[in-house]
Amino acid sequence: MDLTLFLVIGVVIIALAFDYTNGFHDAANAIATSVSTRALTPRAALFMAAAMNFIGAHLGTQVAQTVGKGIITTPEGNHGLVIVAAGLIGAITWNLITWYFGLPSSSSHALIGGLVGSALASAMVPAPPGQDSTVLWGGIVEKVVIPMILSPVVGFTLAALIMIAIYWIFRNAQPGKANRGFRYAQTVSAAAMALGHGLQDAQKTMGVIFLALFVGGYVGESDPIPQWVILSAAGAISLGTYAGGWRIMRTLGRRIIALDPPQGFAAESAAATVLYGAAIGFGAPISTTHTITSAIMGVGSTKRLSAVRWGVAGNIVTAWVLTIPMAALVAALCFFPLYWIVE
């Protein structure tokens with residue numbers, strides 16, 4: 001088998017493994033609130049989330065185009081494939097670390113950090129003429145850093161506004177009856193959240209696979225993303241979602257704030273709205289984790305600020321800040337042995 005083809009196949013397999021870890025790492029994003037309020041049973045919620053993730057992955061490719069072309073420029077050939085492989089390994093490693101400790105960090109930012117770290121490491125070794133890799137800092141600021149800052153702020157604010165509206169509209173409603181109604185409504189809002197997760201996160205893996213195919217010479221830069229790439233990425237994230245992410249689910253569902261059904265509905269509705277707007281409107285790869293977590297904080301703060309366990313929230317924010325640099329560091333360390341083996 002040709003070495004380049006072997007590397008392309010290897011990168012595709014690693015990318016789908018990342019997609020799978022993304023699914024079980026971020027399963028909590030879509031369903032933690034619904035499970036914690038008993039709107040859905042855990043297994044039914046996971047099945048629904050997996051199905052909606054699969055559907056959401058087919059709703060667009062704007063985010064995939066950003067990840068595949070707007071983060072780094074990668075040289076064609078084996079050198080470029082090593083860069084992509086190392087970036088994926090860095091992202092997978094950080095996903096597993098944060099999953100183990102139950103911290104809802106961003107798989108999206110782990111992937112971006114991994115790609116940046118491996119690209120920077122590649123600049124430290126001899127490369128074939130014209131085979132240098134470049135980090136597109138302008139694209140990262142526009143498509144990653146600004147959305148990374150804005151999406152939690154918008155999620156927090158929108159969730160708080162929706163929660164205030166619910167309090168006002170249902171101020172005279174009987175609490176028991178209102179809670180039952182919002183449990184039914186959460187089925188819809190959780191499905192919308194899962195659809196948005198598929199729309200955002202499955203596309204990131206599609207973008208990386210497309211990047212590997214382009215670097216390997218199997219697609220052109222202006223070609224559409226192949227259908228098998230869309231199907232495989234959708235399938236991998238759906239299987240990962242169905243495998244569940246119970247450690248992180250406990251953090252989002254109970255440890256930040258003890259949610260009731262109206263709060264769960266408000267948080268999911270706000271987060272889903274932000275995900276759709278970012279993906280369809282701007283092609284920005286935002287973090288579903290940051291968005292739903294900040295939305296949960298937003299609904300909690302409308303009751304009283306002390307209702308949010310800010311110590312837990314602080315630990316989560318620390319993981320957010322560390323995600324890109326730590327994934328980049330792991331990817332950079334992985335790049336060198338891969339480079340020595342292949343080159």
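Helix H7 covers residues 175-215, 41 residues in total. How far apart are its end C-alpha atoms? They lie 58 Å apart. At 1.5 Å a residue, H7 should span 60 Å, so the two values agree. H7 still bends, by about 30° at Ala185. Just after H7 comes Gly217, with a positive phi of about 85°. All of this is read from a predicted model.

Helix H4 can be checked in the same way. H4 runs over residues 78-100 and has 23 residues. From its first C-alpha to its last, H4 reaches 33 Å, close to the 33 Å expected at 1.5 Å a residue. A glycine with positive phi follows H4 too: Gly102, near 70°.

**The chain as a whole**

The protein chain has 12 helices and 2 strands. Along the sequence, the pattern reads α-α-α-β-α-α-β-α-α-α-α-α-α-α. The chain has 343 residues, and buried residues make up 58% of them. Now take the contacts with a separation of 6 or more. Residues 24 or more positions apart account for 87% of these.

**Far in sequence, together in space**

Two pairs show how distant parts of the sequence come together. Each distance runs from C-alpha to C-alpha.

| Pair | Apart in sequence | Apart in space |
|---|---|---|
| Thr4 and Gly217 | 213 residues | 9.0 Å |
| Phe214 and Gly68 | 146 residues | 9.2 Å |

Thr4 sits in helix H1, residues 3-36. Is Thr4 buried or exposed? Its relative accessibility is 18%, so Thr4 counts as buried; the cut-off for buried is under 20%. Beyond residues up to four places away in sequence, Thr4 touches Asn78, Leu81 and Gly216.

Phe214 belongs to H7. With neighbours within four places left aside, Phe214 is in contact with Glu76, Val219, Gly220 and Glu221.

Gly68, the partner of Phe214 in the table, is one of the buried residues of helix H3. H3 spans residues 62-69. Its other buried residues are Val63, Ala64, Thr66 and Val67. Which helices are included in the cover over the buried residues of H3? They include H5, H6, H7 and H10.

**A buried histidine**

H5 spans residues 107-122 and holds His109. At 1% relative accessibility, His109 counts as buried. Its contacts, leaving aside neighbours within four places in sequence, are spread along the chain. They are Val144, Met148, Pro285, Ser287, His290, Thr323 and Ile324. Val144 and Met148 fall within the range of H6, residues 137-169.

**The largest pocket**

Rolling a probe the size of a water molecule over the atoms shows where empty space is left. In this model, the largest pocket holds about 250 Å³ of space. How many residues line the largest pocket? There are 14. Pro147, Leu150, Ala278, Phe282 and Ile286 lie nearest its centre.

H6 (137-169) and helix H10 (261-282) each supply at least two residues of this lining. H6 gives the most, with 7 residues. Sorted by class, the lining has 9 nonpolar, 3 polar and 2 charged residues. H6 and H10 have appeared before: both are among the elements covering the buried residues of H3.

Definitions and conventions:
Residues numbered from 1 in each chain as written. Predicted model: local features only at pLDDT ≥ 70, side-chain atom pairs only at ≥ 80, totals over all residues. Heavy atoms only, no water. 1 Å grid on protein atoms, 1.4 Å probe; cavity = no way out; pocket = protein on both sides within 12 Å on 5 of 7 lines; lining within 4 Å. Points joined across faces, edges and corners; volume = space filled by probe spheres on them. Helix = DSSP H or I, 4+ residues; strand = E, 2+ residues; numbered from the N terminus. Nonpolar A, V, L, I, M, F, W, Y, C, P; charged D, E, K, R; others polar. Expected span 1.5 Å × (residues − 1). Bend = angle between axes of the 7 residues up to and from the residue. Buried < 20%, exposed > 50% of the residue type's maximum accessible area, 1.4 Å probe, protein only. Contact = heavy atoms within 4.5 Å.
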